[in-house]
Amino acid sequence: MLRRIFGIETEYGLSTGRRGLSPEELARELFRPVVEEYSSSNVFLPNASRLYLDVGAHPEVATAECDSISQLIAHERAGDEIVDNLARRAETALDTPLYLFKNNLDSVGNSYGCHENYLISRGTVLKTLGRQLLAFMVTRQIICGAGNIDGGFRFSQRAEQVWEGVSSATTRSRPIINTRDEPHADSSRYRRLHVIVGDSVMAEPTLALKIGSALLMLEMLEEGYPLPDWELADPIAAIRAVNKSATAPLELSDGTTLSALDIQSAFCEAAENWLAQRPEDDSLTAVVDLWRRTLEALVSGDYSGIDREVDWAIKYSLLNRYRERLDCGWEHPKLAQINLAYHDIRPGRGLARVLEAKGLIRRWSTEAEVRAAVEEPPQSTRARLRGDFLRRARQLGAPVTVDWLRLKVNRPEPQFIELGDPFAPCDERVEGLIAYMEEHYEHAEQ
């Protein structure tokens with residue numbers, strides 16, 4: 001069984017309470033400390049994550065390579081803390097509040113993403129795998145969507161923003177699964193599955209379910225475990241229909257119909273059976289338990305068993321309490337405000353973070369784990385090498401260039417290496433690069 005490495009990319013919405021400041025001006029102030037230190041708004045940090053300013057003035061954090069769900073959750077939350085710290089500095093400089101939202105839609109309908117990355121074997125045919133995964137990805141929103149208001153309550157914000165099933169494009173057609181061959185590793189051994197359709201989520205159990213269920217599907221497919229081979233006649237029509245109803249009939253290519261609930265129930269049952277055969281993993285066992293409980297809640301209509309763990313159910317319960325209090329429909333502007341405020345990442349201000357602090361949203365990580373992840377890279381993957389290299393370069397003031405695959409000391413004579421194995425947390429060549437920096441730049445530290 002292939003050991004898995006994975007990561008997540010989060011784009012944040014950025015706004016302010018003061019008129020007259022454009023998104024570009026806000027983003028420029030937000031990234032001012034980054035540019036002052038690195039002379040760039042696209043950098044790798046000592047925790048081995050990538051921080052950059054994406055198209056449309058969206059701050060974005062891509063986590064370092066992780067190999068466990070708990071590790072990923074801590075590093076994803078660390079990304080929130082990193083950009084929130086930048087926002088607090090910018091607030092002081094601008095003398096106005098800044099709001100960072102971990103969601104996927106702004107007030108005028110512009111969409112920004114949350115992308116998942118999974119390392120897979122080079123022997124896996126990506127287009128074939130994408131087709132096999134498509135029914136799962138189209139219907140996954142009923143278990144891990146972030147919830148939204150759009151003429152009524154919906155499971156997902158992202159489901160209305162994709163236009164193709166499987167494609168090599170990312171922005172032009174917004175596919176559910178991206179097949180561009182960009183492994184960021186030894187291309188003779190690995191591929192990278194890039195999933196574009198998922199919602200940004202606030203509740204840590206939802207993130208665990210989102211990532212964990214995908215990991216289990218990949219394991220079963222790569223190991224040849226028998227799964228239903230369902231091909232949707234029109235994946236984009238299906239993903240729109242599922243967003244409105246877990247029981248909407250979805251047409252398959254053979255003319256039969258199934259609902260999202262039918263499809264997810266079959267995949268969940270397969271995952272339960274698969275867990276009995278694979279090596280024990282407490283995190284994946286907890287994921288499948290939540291997966292099953294979410295499907296049972298959808299059947300019964302009683303969400304009380306999941307409304308501290310699954311974002312759409314948490315948000316649905318919260319919004320319904322306001323609907324009862326206001327005696328209103330889904331179109332009330334107060335509900336739209338709550339729908340957005342749920343995704344504010346600021347502790348003590350964002351609704352999800354307030355609920356979490358009160359124990360009304362469960363956690364997988366601890367504050368200590370998140371604080372450590374802000375500074376330290378994952379210790380069990382290639383990320384450790386990148387983080388150690390960057391930390392020492394920062395201490396010495398050495399000029400370096402880094403990407404996912406390469407480490408380079410730029411002067412006095414360029415020295416670089418490629419780290420093609422994302423599983424390797426140790427490499428003597430990195431020690432050699434650090435020694436080279438110390439030889440030439442040690443005096444700058446003293």
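Visitor: Among contacts between residues at least 6 apart in sequence, what share join residues at least 24 apart?

Guide: The share is 68% in this protein chain. Keep in mind that the model is predicted.

Visitor: What makes the radius of gyration of the protein chain agree with a compact globule?

Guide: Set two values side by side. A compact globule with 446 residues would have a radius of gyration near 22 Å. The protein chain has 22 Å, so the values agree. Along the principal axes, the C-alpha atoms fill a box of roughly 70 × 55 × 40 Å.

Visitor: How many helices and strands does the protein chain have?

Guide: The secondary structure comes to 15 helices and 17 strands. As for burial, 56% of the 446 residues count as buried.

Visitor: Why is α3 called oblique to α6?

Guide: Start with the angle. The axes of α3 (residues 69-94) and α6 (residues 204-222) cross at roughly 130°. Roughly perpendicular stops at 115 degrees, and roughly antiparallel needs over 145. The crossing angle falls under neither heading, so α3 is oblique to α6. The two axes come within 10 Å, and their crossing is right-handed.

Visitor: Which residues make the contact of α3 with α6?

Guide: From α3 come I69, L72, I73, E76 and R77. From α6 come E204, L207, A208, I211, G212 and L215. These residues divide into 7 nonpolar, 1 polar and 3 charged.

Visitor: What makes one residue there polar?

Guide: Look at G212 of α6, which is part of the contact. Gly counts as polar in this scheme, so G212 is the 1 polar residue.

Visitor: How do α4 and α6 cross?

Guide: The axes of α4 (residues 126-139) and α6 come within 11 Å and cross at roughly 140°. This crossing is right-handed. On the α4 side, L129, Q132, L133, F136 and M137 make the contact. On the α6 side, S213, A214, M217, L218 and L221 do. The residues divide into 8 nonpolar, 2 polar and no charged.

Visitor: Why is S213 called buried?

Guide: The cut-off for buried is under 20% relative accessible area. S213 has 0%, so S213 is buried. This residue is found in helix α6.

Visitor: Which residues is S213 in contact with, leaving aside its neighbours within four places in sequence?

Guide: S213 is in contact with F136, R140, I143, A208, V287 and W291. F136 also appears in the contact of α4 with α6. A208 appears in the contact of α3 with α6.

Terms used: Residues are numbered from 1 along each chain as its sequence is written. This is a predicted model: local features need pLDDT of at least 70, side-chain atom pairs count only at pLDDT 80 or more; totals for chains, interfaces and linings use all residues. Side-chain values use heavy atoms; hydrogens and water are left out. Axes are lines fitted to C-alpha atoms, for helices over the stretch in contact, and angles run from 0 to 180 degrees between N-to-C directions. Helices (H or I, at least four residues) and strands (E, at least two) are DSSP runs, numbered from the N terminus. Angles under 35 degrees count as roughly parallel, over 145 as roughly antiparallel, 65 to 115 as roughly perpendicular and the rest as oblique. A crossing is left-handed if the near helix is turned anticlockwise from the far one by less than a right angle, and right-handed if clockwise. Contact means heavy atoms within 4.5 Å. The radius of gyration is taken over C-alpha atoms; the globule rule is 2.2 Å times the number of residues to the power 0.38. Buried means under 20% relative accessible area, exposed over 50%, partly exposed in between (1.4 Å probe, protein chains only).
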